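Grab a coffee and open the viewer. Here are some exercises to try by eye before reading the solutions.

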Amino acid sequence: MSRLIVVSNRVAPTQEGSPAAGGLAIGVLDALKETGGVWFGWNGEIVGHAQPPSIEKQGSVTYATVGLTRRDYDQYYRGFSNATLWPTFHYRTDLSRYDRQEYAGYLRVNVSFAKQLAAMLEPGDMIWVHDYHLLPFACALRNLGVTNPIGFFLHIPFPVPEMLRTVPPHEELVKCLCSYDLVGFQTESDRQSFVDYVERGGFGSVSEDGMMQAFGRVLKVGAYPIGIYPDAVAQAAEQYAHRKPVLALRDATRGRQLIMSVDRLDYSKGLVERFQAFERLLLHSPGLHGRVSLVQIAPPTRSDVQTYQRIRQTLEGEAGRINGRFAQLDWTPIQYLNRNYERNLLMSLFRLAQVGYVTPLRDGMNLVAKEYVASQDPSDPGVLVLSQFAGAAEQLPGALVVNPFDLTQMADALARALAMPLKERQARYADMMARLRANDLSTWRDAFLDDLRHVATAASVTRKAVKLADIAA
């Protein structure tokens with residue numbers, strides 16, 4: 001069996017259950033352990049000068065990690081990746097900025113990564129590249145003569161063409177994406193946005209089977225919604241139920257209903273709107289005063305980026321204002337925790353909550369929504385309130401789906417969730433769990449890698465046929 005080479009901006013911690021050991025880490029680690037292979041990417045460290053990859057082998061998996069110089073970090077990571085692509089792909093062009101030097105740094109790091117990985121490749125290797133930091137990575141590998149099959153999966157949304165065109169090098173980026181053999185998206189709408197850009201721009205066409213001809217290349221495009229292992233989540237929720245933080249939250253909210261949210265501290269997550277909708281619930285439902293609390297866990301992220309510093313200040317201000325307006329001596333409406341918790345512990349915290357409150361303004365999938373459902377007690381499950389702009393909304397029809405820009409609709413959904421009868425909650429939970437089991441993390445991984453193998457085989461046959469035709473001519 002050929003090796004699998006996984007490439008991502010960050011190589012995730014290998015300790016199972018750690019805060020960063022989410023869907024990407026678990027999914028690719030499973031695949032790597034099955035086939036053997038390499039996980040290549042940034043180690044999260046800033047170094048004084050470029051250094052060769054650090055190699056660590058654990059069983060059949062080799063971790064190859066590199067540091068970034070301060071210049072590369074500022075231009076590639078803080079700059080073009082997270083100050084241009086991230087806001088634009090999340091439909092926040094008001095927060096996006098473009099700087100040519102940062103784009104040059106983005107390309108430079110992709111080329112540097114490609115050169116370091118190319119030296120490690122073997123002829124049969126299959127390469128799986130992840131996320132927006134590495135859009136040009138296949139192009140850089142192809143320029144080095146690499147012919148291995150290369151697939152790309154985008155974990156965040158892909159914007160509609162009008163939005164993408166606000167990024168000045170948009171055409172170059174899409175052309176680079178077409179250097180992959182397979183390009184995967186979280187949802188059908190994301191896939192369609194990519195197809196629309198290519199077809200409406202006159203760069204190529206797509207057939208009904210998902211095969212695209214564009215920029216002189218043939219590739220496949222498809223939607224591969226990422227999943228979770230729902231039964232493993234449910235098991236973790238039970239196993240960690242007696243940990244100190246879980247017991248403390250249970251004691252603190254005894255006799256009250258609990259609404260819970262967990263998100264990275266990011267403007268795409270709709271945190272301010274979420275707080276304001278909860279405020280509206282309290283304003284219109286005085287009978288809930290003292291009887292319901294919102295717990296928002298928001299671990300800090302990209303704390304050295306000014307936009308994220310402003311988000312934190314705004315959110316702290318809103319929490320303080322709402323608590324000041326409604327709090328009682330024995331009740332604080334919003335508990336806002338700006339810190340990390342172990343992933344398995346979060347599953348037990350979810351299990352305590354009568355409502356999972358997941359309302360991003362735009363999200364690729366949002367695994368928190370799926371984890372909340374899977375963590376519930378089947379005999380007395382909670383209710384998921386979910387944004388229509390999360391990819392998970394397409395897969396979880398048992399949720400109460402809301403528009404996160406409509407505060408009144410969100411407040412009404414919270415009230416409905418808190419009052420929902422047991423039988424309806426159980427029916428919604430059972431339906432969603434069946435869907436989560438049928439489309440779990442291994443389904444996502446296997447579907448993508450199977451398609452990559454098939455596309456690569458077809459491309460190889462085509463290349464041989466063309467070569468034979470040339471010889472005959």
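Below are five exercises, each followed by a worked solution.

First, the ground rules. This is a predicted model, where local features need pLDDT of at least 70 and side-chain atom pairs count only at pLDDT 80 or more, while totals for chains, interfaces and linings use all residues. Residues are numbered from 1 along each chain as its sequence is written, and side-chain values use heavy atoms, with hydrogens and water left out.

**Exercise 1. Find out what the mean pLDDT of the protein chain is, and what the pLDDT does over residues 16-20.**

Step 1: Recall that pLDDT is the predictor's confidence in each residue, from 0 to 100. The chain averages 92, with 93% of its residues at 70 or more.

Step 2: Now look at residues 16-20, where the pLDDT falls below 50. In the model this stretch still has 12 contacts beyond near neighbours in sequence (contact means heavy atoms within 4.5 Å).

Step 3: Where pLDDT is low, don't read the predicted coordinates in detail.

**Exercise 2. Describe how helix α10 and helix α14 pack.**

Step 1: Locate α10 at residues 271-284 and α14 at residues 407-419. Helices here are DSSP runs of H or I with at least four residues, strands are E runs with at least two, and both are numbered from the N terminus.

Step 2: Get the geometry. The angle is about 65 degrees and the axes are 8 Å apart; axes are lines fitted to C-alpha atoms, for helices over the stretch in contact, and angles run from 0 to 180 degrees between N-to-C directions.

Step 3: Assign the hand. The α10 and α14 crossing is right-handed, that is, the near helix is turned clockwise from the far one by less than a right angle (anticlockwise would be left-handed).

Step 4: List who touches whom. From α10 come Glu273, Arg274, Gln276, Ala277, Phe278, Arg280 and Leu281; α14 supplies Leu407, Thr408, Met410, Ala411, Leu414, Ala415 and Leu418.

Step 5: Sort these residues by type: nine are nonpolar, two polar and three charged. For the sorting, Ala, Val, Leu, Ile, Met, Phe, Trp, Tyr, Cys and Pro count as nonpolar, Asp, Glu, Lys and Arg as charged, and the others, Gly among them, as polar.

**Exercise 3. Is Asp263 buried or exposed, and which residues does it touch?**

Step 1: Find Asp263 in the loop between β11 (257-262) and α10.

Step 2: Check accessibility. Asp263 counts as buried because its relative accessibility is 5%; buried means under 20% relative accessible area, exposed over 50%, and partly exposed in between (1.4 Å probe, protein chains only).

Step 3: Walk round the neighbours. Leaving out residues up to four places away in sequence, Asp263 touches Lys269, Leu271, Arg274, Gln296, Ile297, Ala298, Pro299 and Asn366.

Step 4: Pick out the polar contact: the Asp263 side chain pairs with that of Gln296 at 3.4 Å. A polar contact is a pair of N or O atoms within 3.5 Å; within protein, one must be able to donate a hydrogen and the other to accept it, and residues adjacent in sequence count only if both atoms are side-chain atoms.

**Exercise 4. Compare the settings of Phe215 and Asn366, each with a positive phi.**

Step 1: Keep the background in mind: most residues other than glycine have a negative phi.

Step 2: Take Phe215, with phi near 55 degrees. Phe215 sits in the loop between β9 (211-214) and β10 (217-223) and is partly exposed because its relative accessibility is 23%.

Step 3: Turn to Asn366, with phi near 80 degrees. Asn366 lies in the loop between β14 (355-358) and α13 (367-374), and its 7% relative accessibility is why it counts as buried.

**Exercise 5. Place Gly210 and Arg97, and say which residues each one touches.**

Step 1: Gly210 is in the loop between β8 (204-206) and β9, and is buried because its relative accessible area is 6%.

Step 2: Not counting residues up to four places away in sequence, Gly210 touches Leu219, Lys220 and Val221.

Step 3: Arg97 is in the loop between α2 (70-89) and α3 (100-118). At 42% relative accessibility, Arg97 is partly exposed.

Step 4: By the same sequence rule, Arg97 touches Arg78, Gly79, Ala83, Thr84 and Glu102.
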